[in-house]
Amino acid sequence: MHMKISSFLLVAVFWVFSGIAQTPSGYQLPPQEIIDLVDAPSTPSISISPDNQVILLTESPELPSIDELAMEELRLGGIRFDPRTNGPSRAGFGTGLSLMNIDGTNLRQVSGMPDNPRIRNTRWTADGSKIAFNHTTDNGIELWVVDVASASAKRLTGPVVNDVLGTAYTWLSDNKTIIYSAVPENRGPAPTRPRVASGPVMQESLGRRAAVRTFQDLISDRYDEEIFDYYVTSQLVKIDLDGNSRNLGRPGVIWSYNDSPDGNYLLVTRIEKPYSYIVPFSRFPQRVELLDMNGNTVRLLAEVPLTDDLPQGFGATRTGPRSFTWRADAPATLYWVEALDGGDPAVEAEYREQIFSLQAPFTGDPVAGFKLALRYGGISWGKDDFALVSESWRATRLGRMYIFNPSDPGSEPRLLFERSTEDRYNNPGSFQFTTNEYGRGVLQFDRRGRKLYLAGPGASPEGDRPFVDEFDIRSGETTRLWRSEAPYFETPVRLIDADRQLVITRRESNEVHPNFFLRDMRRNRLTQITELPDPFPQLRNVYKEMVHYERNDGVPLSGTLYLPEGYRIGVDDPLPTILWAYPREFKSADAAGQVSGSPYTYTRIGVTSPVILVTQGYAVLDNASFPIVGEGDEEPNDTFVDQLVANGQAAIDKLVEMGVTDPDRVGVSGHSYGAFMTANLLSHSDAFAAGVARSGAYNRSLTPFGFQAEERTYWQAPEVYHTMSPFSFAHQMKTPMLIIHGADDNNSGTFPMQSERYYDALRGHGATTRLVMLPHESHGYRARESVLHMHYEWLNWFDRYVKNKDR
């Protein structure tokens with residue numbers, strides 16, 4: 001009898017645990033409607049030639065398979081790369097090239113392409129006569145060139161390009177020579193890790209402050225250093241279109257190389273030792289040097305030490321020369337900037353930066369230029385006596401732009417714009433660029449050199465209305481040339497002729513999918529130049545509306561509401577609803593309340609978009625406003641949870657008022673910081689029936705030196721870190737929560753351990769929860785199997801705990 005009872009109990013225990021843990025094995029599929037949307041073909045991307053005569057269209061592939069993501073990958077120095085190819089792992093590729101005239105005529109496929117092309121890094125020559133690209137094979141990366149006139153391609157090198165650091169190649173201004181980064185000849189086999197360690201891994205700090213944020217994929221021991229050196233070391237090679245080549249300089253860990261506009265010099269940045277185990281390679285010691293085109297060193301410009309001890313704050317930077325750049329409108333002049341405040345934003349200083357320059361032949365002393373009161377943002381080159389420089393300060397969200405005269409280094413810049421960088425409504429737009437004879441981007445003037453051109457998103461209370469403006473340099477006044485008009489959303493792509501006011505635009509509406517057009521702004525004429533197919537015809541009749549509402553403190557909010565095809569507002573029963581959002585920090589309530597997006601865009605989605613759930617009978621509020629405001633001396637995160645809950649409640653109240661949402665059947669979801677938001681909402685609010693959090697962080701003590709927009713450390717604001725961490729409140733979680741995470745997440749701060757430990761905490765306190773770790777996936781999900789399984793999990797969870805709640 002005893003044996004029979006034991007056998008029965010054994011079987012019962014097995015079935016109990018089967019009911020808890022034994023879900024269907026392997027990758028699962030969602031309903032066919034979702035599969036069809038995920039598998040919808042991508043539309044080609046376009047690139048316009050520098051001379052504005054030809055358009056290059058690049059075809060995109062389907063989602064990769066899990067087999068591709070499972071290929072060997074090395075993770076060192078803060079980067080991930082494929083040891084078989086000496087290039088980036090998980091990179092996106094094009095699968096075909098075609099050309100057409102700027103007016104949309106004479107569409108032709110590029111012939112002579114490699115079999116099964118995997119195209120990356122397409123780049124035009126300055127005159128638009130050639131296009132280079134990289135083709136990735138099973139054992140390396142090749143360099144190819146397309147002749148535009150004949151629309152034919154030819155291979156220039158074998159699989160010898162080294163693109164591990166993203167420095168594959170560059171065209172010279174003569175339109176017939178390329179410098180590329182090559183795997184060194186006779187490199188030999190890769191180092192192998194010893195079976196037995198030769199000793200412990202040791203790190204030591206002797207009172208030197210080195211507070212850094214969390215980073216992924218770092219070097220961790222001597223063997224990692226050897227492997228990193230082996231794969232990132234490259235040799236610069238100069239090659240012409242006939243395949244004649246020669247080496248430039250010595251091999252090394254070359255992070256970047258940029259030729260002077262006249263093609264006579266090469267600015268090279270090398271990574272030096274010692275390497276660090278706490279920061280990525282971009283902060284390793286650097287040697288910045290100038291070479292001639294025979295590979296000889298002309299001048300050592302800077303020796304940069306290891307940068308692991310930056311002062312605290314987003315306004316921090318390193319000391320010494322940095323941000324080297326060639327002046328785009330001169331043959332060979334270098335510019336750079338140096339901090340005057342020690343790179344420390346906490347230091348009071350009248351001026352924080354100073355600009356320096358040095359002309360060929362680079363034998364004299366650098367010329368000290370003007371100073372900036374804020375942190376340097378960059379220079380936009382124009383002509384001999386005209387350029388723009390920007391500066392900004394993160395803490396106050398202040399941004400400025402100045403006009404300066406490059407031919408007179410002693411002259412003071414003249415203020416052009418001053419604005420809040422978070423104020424979208426008063427954004428003047430971005431100055432437009434054209435390509436000069438050196439193949440460099442320079443400011444686009446009218447033929448008299450008196451006017452510039454601005455294009456911007458045109459944010460307004462009615463939504464984005466992109467525009468093109470003409471800017472008079474003498475008066476500082478702007479004239480509107482064109483603005484997107486309802487019921488279309490039309491955005492400028494390239495101003496191809498400033499004097500004739502011709503612009504390439506991308507145009508769409510709620511009913512019409514996007515295509516590219518040639519717009520004559522002067523005559524108000526529009527000519528369609530592409531006939532791209534609609535990838536999502538099944539979403540054409542989905543209802544879409546931009547909704548506006550207010551938070552309980554008066555901050556205006558908005559979001560885009562999607563309803564299933566055929567749903568009748570005010571007639572049909574309220575729907576189960578999913579809210580999708582991503583919190584953003586602001587220093588101004590006025591800026592926080594500004595509308596983002598347009599009510600006139602076509603329903604076009606990514607493969608992991610929450611809008612897909614509308615096909616399964618859900619209402620979806622996408623891109624719901626979730627501002628976190630901290631005005632004056634207050635920091636936004638001081639009241640993070642309260643504002644988060646208020647944002648969520650305001651959205652629900654609005655949708656219930658409209659009659660589209662059942663208040664008892666609302667789910668919430670988000671990715672990354674949106675996942676963090678989701679967990680906090682479920683921890684501190686009973687407004688939601690369930691949540692799905694994708695690739696988030698939940699314990700802020702694991703990111704102790706700052707996260708997202710938080711500059712303070714854990715030790716400076718322990719209560720903020722504690723209160724903002726859903727992990728701290730796992731004991732009070734009462735709402736079902738699904739956690740999804742890429743098992744190989746590379747994003748700083750969202751280590752997979754975050755989800756694993758949070759799940760353990762929830763499970764330990766009896767919460768209804770489920771953890772899904774997607775093998776081989778990083779921060780965003782790419783494999784078809786992973787994406788479809790994510791939808792399967794997402795839909796099942798919401799169906800069980802939202803749609804069919806209490807049913």
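The dialogue below asks how features of this predicted model earn their labels.

Student: Why is Ser 683 called buried?
Tutor: Its relative accessibility is 6%. Buried means under 20%. Ser 683 therefore counts as buried.

Student: Where is Ser 683, and which residues beyond its sequence neighbours is it in contact with?
Tutor: Ser 683 is in helix α7. Leaving aside residues within four places in sequence, it is in contact with Pro 726, Phe 729, Gln 732, Met 733 and Tyr 758.

Student: What makes the approach of Ser 683 to Ala 679 a polar contact?
Tutor: A polar atom of the Ser 683 side chain lies 2.7 Å from the backbone oxygen of Ala 679. The cut-off is 3.5 Å, so the distance qualifies.

Student: Tyr 758 was in that contact list. Which residues of its helix, α9, are buried?
Tutor: Tyr 758 is one of them. The others are Pro 752, Gln 754, Ser 755, Tyr 759, Ala 761 and Leu 762.

Student: What covers the buried residues of α9?
Tutor: The cover includes α7, β46 and β47.

Student: How do you know that the length of α9 is close to the expected one?
Tutor: Helix α9 spans residues 752–764, which is 13 residues. From first C-alpha to last it reaches 19 Å. At 1.5 Å a residue, 18 Å is expected. After the helix comes Gly 766, with a positive phi near 80°.

Student: β46 and β47 help to cover α9. Which sheet holds them?
Tutor: An open sheet of eight strands, in the order β38-β39-β42-β40-β44-β45-β46-β47.

Student: What makes β38 and β47 the edges?
Tutor: Each has a single partner strand, so one side of each has no neighbour in the sheet. β38 covers residues 543–550 and β47 covers 769–774. From one strand to the next, the twist averages 20°.

Student: What packs on this sheet?
Tutor: Helix α6, residues 640–658, does. It touches β38, β39, β40, β42 and β44. The direction of α6 makes about 125° with that of β38.

Student: Why is the pairing in the eight-strand sheet called mixed?
Tutor: Strands can pair either parallel or antiparallel. Look at β42. With β39 it pairs in the antiparallel sense, over three bridges. With β40 it pairs in the parallel sense, over four bridges. Two bridges are enough for a pair, so both count.

Student: Which residues stand opposite each other in those two pairs?
Tutor: Thr 560 stands opposite Asp 622 in β42. Ile 578 stands opposite Val 620 in β42.

Student: What makes β42 mostly covered?
Tutor: The strand runs over residues 619–624, and five of its six residues are buried.

Student: How do you know that β45 and β46 pair?
Tutor: Four bridges join them, and they run parallel. The threshold is at least two bridges, so they pair. Val 692 stands opposite Leu 738 in β46.

Student: What makes β28 and β33 edge strands in the sheet β28-β31-β32-β33?
Tutor: Each has a single partner strand, so one side is left without a neighbour. That open sheet has four strands with antiparallel pairing. β32 and β33 are joined by five bridges. Val 468 has Trp 482 in β33 as its bridge partner.

Student: Why is Thr 713, a loop residue, called buried?
Tutor: Its relative accessibility is 7%, and the limit is 20%, so Thr 713 counts as buried. The loop lies between β45 and α8. Not counting residues up to four places away in sequence, Thr 713 touches Gln 312, Pro 704, Phe 705 and Tyr 721.

Student: What makes Arg 568 and Asp 572 a salt bridge?
Tutor: Their side chains meet at 2.8 Å, N to O. The cut-off is 4 Å, so the pair qualifies.

Student: Are Arg 568 and Asp 572 buried or partly exposed?
Tutor: Arg 568 has 48% relative accessibility and Asp 572 has 23%. Partly exposed runs between 20% and 50%, so both fall there.

Student: How do you know that Lys 803 and Asp 799 are about one turn apart?
Tutor: Both lie in helix α10, four residues apart. A turn has 3.6 residues, so residues three or four places apart point the same way. Lys 803 and Asp 799 meet in a salt bridge at 3.7 Å, N to O.

Student: How many salt bridges are there in the whole structure?
Tutor: The search finds 47. One network links Arg 322, Asp 341, Arg 352, Glu 353 and Arg 375.

Notes. Residues numbered from 1 in each chain as written. Predicted model: local features only at pLDDT ≥ 70, side-chain atom pairs only at ≥ 80, totals over all residues. Heavy atoms only, no water. Buried < 20%, exposed > 50% of the residue type's maximum accessible area, 1.4 Å probe, protein only. Axes fitted to C-alpha atoms, helices over the stretch in contact; angles between N-to-C directions. Contact = heavy atoms within 4.5 Å. Expected span 1.5 Å × (residues − 1). Polar contact = N/O pair within 3.5 Å; in protein donor to acceptor, adjacent residues only side chain to side chain.
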